[in-house]
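Here are a few exercises to work through with the structure open in front of you. Try each one before you read its solution.

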Protein chains: 2
Amino acid sequence: MTTPAPFYLDCDTGIDDALALAYLLASPHADVRGIGSVSGNVSAAVGARNTLDLLQLAGHAHIPVALGSHDPLAGSFQGGAPHVHGTNGIGEVSLTTAAAALAPETAPEMLVRLAHEHPGTLKVLAIGPLTNIAEALRLDPELPQLVDEITIMGGAALAPGNITRVAEANIANDPEAAAVVLSADWKITLVPLDVTMANVLEESHRQELLASTEAVPLALGEMLGYYFRFYEGIYGRACSAMHDPLAAALAVGAVSAAVAPVVRVEVDTSSGPGRGQTICELRGLYMDYPEQPGARCRVVLSLTDDFAPHLVETLLSFSAESTTAELGLAATVA
Amino acid sequence: MTTPAPFYLDCDTGIDDALALAYLLASPHADVRGIGSVSGNVSAAVGARNTLDLLQLAGHAHIPVALGSHDPLAGSFQGGAPHVHGTNGIGEVSLTTAAAALAPETAPEMLVRLAHEHPGTLKVLAIGPLTNIAEALRLDPELPQLVDEITIMGGAALAPGNITRVAEANIANDPEAAAVVLSADWKITLVPLDVTMANVLEESHRQELLASTEAVPLALGEMLGYYFRFYEGIYGRACSAMHDPLAAALAVGAVSAAVAPVVRVEVDTSSGPGRGQTICELRGLYMDYPEQPGARCRVVLSLTDDFAPHLVETLLSFSAESTTAELGLAATVA
């Protein structure tokens, strides 16, 4: 048994954020020390609310949640993606309101504090727009030397985008922040749509979660009903991509990349039609990606194994101290 | 036997342009009525020179060649790609200088004339930057209604670019022209790097050409020696992509596309890092590309069959009226 690594999670909870959070809490490889909220799928405030409520449901109300940036570095928050995640961000599932309050620090402050408390070992998992991470880099330029590794769900390397033809939502919601984070001198793993869209959670997997007697997998199964209806318009069947939980599993090292070249990545911060695109240097494709001097971003393009069974197994291993009945889970999906 | 279709070829000859030209001349489906030259791989003037010389070598000196634009719509010609095609554009192979002079019209004028002479039947094959085609659209806005179809070698849909990380050379050498051509109301087939890089001509194919006793396949085999050395840095072995001849074969209908969705395409004409990218609406990928209202550009992403054998067979079928000895082919590869 290795010691679980200390994690800072930055999220915009969000249905797949909820899956990623539950996955991290269930994983024996992660010790979540703090969570920051950022506007993305929902506003930073709603995301923080959902995170607090999920933590209580999961029996982890002791993990501090800090409010992060409402607006991106340039411009303002555009209202999120209620058609994907529901108006409350978690597929119209109602959770008991957590007793815990927000942490007395901002999300960027929390990240900087945790990096100093766990120098060289803190892992950062960023599954929303990168506003908080960019702000933390401004607060403490030494951050990259303190953090062990940052894993980012975001971007589209060779796959089509989702929020535009070439841009993925997390990056496109704050391209300026993404440019700062992806050009900082730290070890980055980027988990783009190329791999998150290719690894799908099916209705049979959702039914496995719904068959649980534990509150957390049951709530996630309910949320996924909403998420699946959005993705039916993308895949033509009830299923979903697994953006954020896949990034979580890669961050803890529980799944392996098959193709993941370390390449130079630039974010398009122009006002052109490519705005928000993660422009990856992938011209080495035809020679299995020769080494690129100065490159530091590992871009995960495919996995060695199917991810869904591992995700479901991990979520079903979740054993909270509380049960559904005790916490009064009222799962009403619109 | 169907009547061969009248063709206008627009090119920047170039080694793979030479292959495409020879392929068209050998094809029973094409009747090349005129050729325009544009700056790209080489200057428009050098490309016209190469085209005239190749036509004479092929015994087709009667086909008129018109000089086209030296500079793109915005900016100026940057000098071409001598590292790919050689300083003379045809891999340092020396051809006998043709007796024929240039046509007494510009390339855009030739295209407009041919479209009026063959209303509804003229096929356009554009394998260089799209400057001449855009100029022709300015000369005669009715051009799209007169032309049967335009096939364009250019762009990168989901594959990496070649001249930049996301842009292909023909498009990136004149993005403004490409934007005009791709937004005009005609039937377009785009043949991007996705399919041209995936279909490779091997050294064994080149040896087949070199074993010919005909001047044209022999000269092409010599030129390919130069081209292969460039592509060895891309593929890790002596071989090459088949950009232009593949576009020619698709234009004449001799090869079939396996995946070729008709989608909306926008050219990035910004000054950002995405400049010159062909931004294709490919988000329908996960549902086999549902129909897109208003889309008119067929983007060829894969073929049903391996292209190289067909290309070699067609080039070897070439039987010019003259032989190597008669034309004094001096194939000296640097």
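**Exercise 1.** Work out how the reach of helix α1 of chain A compares with the expected span, then decide how covered the helix is.

*Solution.* Bear in mind that this is a predicted model. Start with the length: α1 of chain A runs over residues 15-26, twelve residues in all. The expected span is 1.5 Å times one less than the number of residues, which for this helix gives 16 Å. From first C-alpha to last, the helix reaches 17 Å, close to that figure. Now for the cover: a residue counts as buried under 20% relative accessible area. Twelve of the twelve residues in α1(A) are buried, and that list includes A:Asp16, A:Asp17 and A:Tyr23.

**Exercise 2.** Find out how many disulfides there are over all chains, and check what A:Cys280 has to do with it.

*Solution.* The cut-off for a disulfide is two cysteine sulfurs within 2.5 Å. For A:Cys280, the closest cysteine sulfur belongs to A:Cys297 and sits 6.7 Å away, so that's too far for a bond. A:Cys280 is buried, at 5% relative accessible area. Another cysteine, B:Cys11, is buried too, at 1%. The count over all chains comes to zero disulfides.

**Exercise 3.** Describe the largest cavity: its volume, its lining and the character of that lining.

*Solution.* First, the count: there are five cavities of 30 Å³ or more. The largest has a volume of about 190 Å³. Next, its walls: 22 residues line it, and among those nearest its centre are A:Gln277 and B:Gln277. Strand β12 of chain A (residues 278-280) gives the most to this lining, three residues. Finally, sort the lining by type: 17 nonpolar, three polar and two charged.

How values were computed:
Residues numbered from 1 in each chain as written. Chains lettered and ligands numbered in written order. Predicted model: local features only at pLDDT ≥ 70, side-chain atom pairs only at ≥ 80, totals over all residues. Heavy atoms only, no water. 1 Å grid on protein atoms, 1.4 Å probe; cavity = no way out; pocket = protein on both sides within 12 Å on 5 of 7 lines; lining within 4 Å. Points joined across faces, edges and corners; volume = space filled by probe spheres on them. Helix = DSSP H or I, 4+ residues; strand = E, 2+ residues; numbered from the N terminus. Nonpolar A, V, L, I, M, F, W, Y, C, P; charged D, E, K, R; others polar. Buried < 20%, exposed > 50% of the residue type's maximum accessible area, 1.4 Å probe, protein only.
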